[in-house]
Amino acid sequence: SVYVTDTWNHRIQKFSSSGRFIRTWGTFGQGETPESFYGPRGLAVDADGRVYVTDTGNKRIVVFTADGEFITQFGSAGFEPGQFDEPVGIAIDKNGTVYVVDTWNQRIQTFTPVETESGLVFLPEKQWDVFGWFGQSLDNKPFIAVNDDLHVFVTDPESYRVIEFTPEGEVVRVWGDYGDSESSFGLTSGIAVDAEGHVWVTDGVFNRVLRFTLP
């Protein structure tokens with residue numbers, strides 16, 4: 001299935017792999033209910049089919065079943081571990097660890113899922129600072145991907161670049177600059193890593209998708 005965050009309709013849409021509409025859930029709100037979204041942006045699906053949504057304006061992550069049934073949520077507004085200020089991108093690695101782009105706190109946070117008697121909870125695991133994401137415009141919405149080696153890739157939209165980190169948060173490489181060449185960007189936004197390890201980046205200004213092979 002294909003899931004889409006329909007940001008300014010404040011909802012999630014689900015389609016089949018052939019593009020057939022299946023269902024939608026969500027409406028505008030300020031977190032009064034699990035489905036009350038304020039500009040959701042990021043979305044990830046784990047190995048069990050659970051759908052994770054960054055409810056950006058409400059500073060939280062909401063977790064649903066594949067059919068849109070609420071499971072749990074975590075996060076609130078703030079600066080402490082487990083809190084967010086403009087969560088945007090989200091990714092899940094092969095071990096089930098959840099990575100969240102905490103944009104205006106200029107950091108990446110990771111969370112470990114734990115099954116308890118009261119249900120599924122997400123415990124803050126680690127965090128590291130990102131020297132980037134300085135602006136607070138509507139364009140400065142970074143996304144994140146994790147490969148099988150647990151290296152973390154994020155976009156830095158208004159600096160026209162991609163940053164790669166080790167699992168411990170050390171910078172491996174940075175690439176990109178402003179331009180329309182094969183190694184530059186007008187606005188980095190979405191990012192993904194495929195099964196062969198290629199990094200795919202969407203360029204929102206020059207209306208293209210670029211694929212990179214890492215050395």
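Across this predicted model, the count of salt bridges comes to 14, and several of them make convenient stops on a tour that moves from single pairs to the contact between the two domains.

**Stop 1: a pair far apart in sequence**

Select Lys14 and Asp67, whose side chains form a salt bridge with the closest N and O atoms 4.0 Å apart. The pair ties together distant parts of the chain, since Lys14 sits in strand E2 (residues 11-15) while Asp67 sits in the loop between E8 and strand E9 (70-74), 53 residues apart. With a surface displayed, the two partners can be compared: Lys14 counts as buried because its relative accessible area is 7%, under the 20% cut-off, whereas Asp67, at 44%, counts as partly exposed.

**Stop 2: a network of charged side chains**

Next, select Asp46, Asp48, Arg50 and Glu115 together, as these four residues are linked in a network of salt bridges. Which two side chains meet at 2.7 Å, N to O? They are those of Asp46 and Arg50, and both residues are buried, Asp46 with a relative accessible area of 11% and Arg50 at 17%. Arg50 also forms a salt bridge with Asp48, where the closest N and O atoms are 3.4 Å apart. Is Asp48 buried or exposed? Asp48 counts as exposed, because its relative accessibility of 63% is over the 50% cut-off.

**Stop 3: Ser36 and its surroundings**

Move to Ser36, which is found in strand E5 (residues 36-37) and counts as buried at 6% relative accessibility. Display its side chain together with that of Thr33, and a polar contact of 2.7 Å can be traced between the two. To see what else surrounds Ser36, leave aside the neighbours within four places in sequence and select Thr27, Gly29, Gln30, Gly31, Asp55, Asn58 and Arg60, with which Ser36 is in contact.

**Stop 4: two loop residues with positive phi**

Select Lys59, in the loop between strand E7 (51-55) and strand E8 (60-64), and inspect the backbone there, for Lys59 has a positive phi of about 55° although it is not a glycine. Lys59 is also buried, with a relative accessible area of 15%.

A second backbone of this kind is found at Leu150, a residue other than glycine whose phi is positive and near 65°. Leu150 lies in the loop between E14 and E15, and Asp149 is found in that loop too, between strand E14 (144-146) and strand E15 (152-156). Asp149 counts as exposed, at 59% relative accessibility. While Asp149 is selected, add Gly197: the two residues are 48 apart along the chain, yet their C-alpha atoms are separated by 9.4 Å.

**Stop 5: the contact between the domains**

Now colour the model by domain, using the assignment that gives domain 1 as 1-129 and domain 2 as 139-214. The contact between them takes 17 residues from domain 1 and 16 residues from domain 2, and the C-alpha centres of the two domains lie 21 Å apart. How much area is buried between domain 1 and domain 2? The value is about 1,300 Å², of which carbon and sulfur atoms give 70%. Select Lys94, Tyr99 and Trp128 to see where much of the domain 1 share lies, as these residues supply 32% of the area that domain 1 buries against domain 2, more than any other three residues.

For the charged and polar pairs, begin with Glu86 and Lys141, which form a salt bridge with the closest N and O atoms 2.6 Å apart. The count of salt bridges between domain 1 and domain 2 is one, and four residue pairs in polar contact are found across the interface.

Finally, show the strands on the side of domain 1 that touches domain 2: strand E10 (87-92), strand E11 (98-102) and strand E13 (119-129) each supply at least two residues to this side, and the largest share, four residues, comes from E10. Colouring this side of domain 1 by residue class should give eight nonpolar, four polar and five charged residues.

Notes
Residues are numbered from 1 along each chain as its sequence is written. This is a predicted model: local features need pLDDT of at least 70, side-chain atom pairs count only at pLDDT 80 or more; totals for chains, interfaces and linings use all residues. Side-chain values use heavy atoms; hydrogens and water are left out. Domain bounds come from an automatic or database domain assignment. Contact means heavy atoms within 4.5 Å. Buried area is the accessible area (1.4 Å probe) that two parts lose on being put together, summed over both. A polar contact is a pair of N or O atoms within 3.5 Å; within protein, one must be able to donate a hydrogen and the other to accept it, and residues adjacent in sequence count only if both atoms are side-chain atoms. Ala, Val, Leu, Ile, Met, Phe, Trp, Tyr, Cys and Pro count as nonpolar, Asp, Glu, Lys and Arg as charged, and the others, Gly among them, as polar. Buried means under 20% relative accessible area, exposed over 50%, partly exposed in between (1.4 Å probe, protein chains only).
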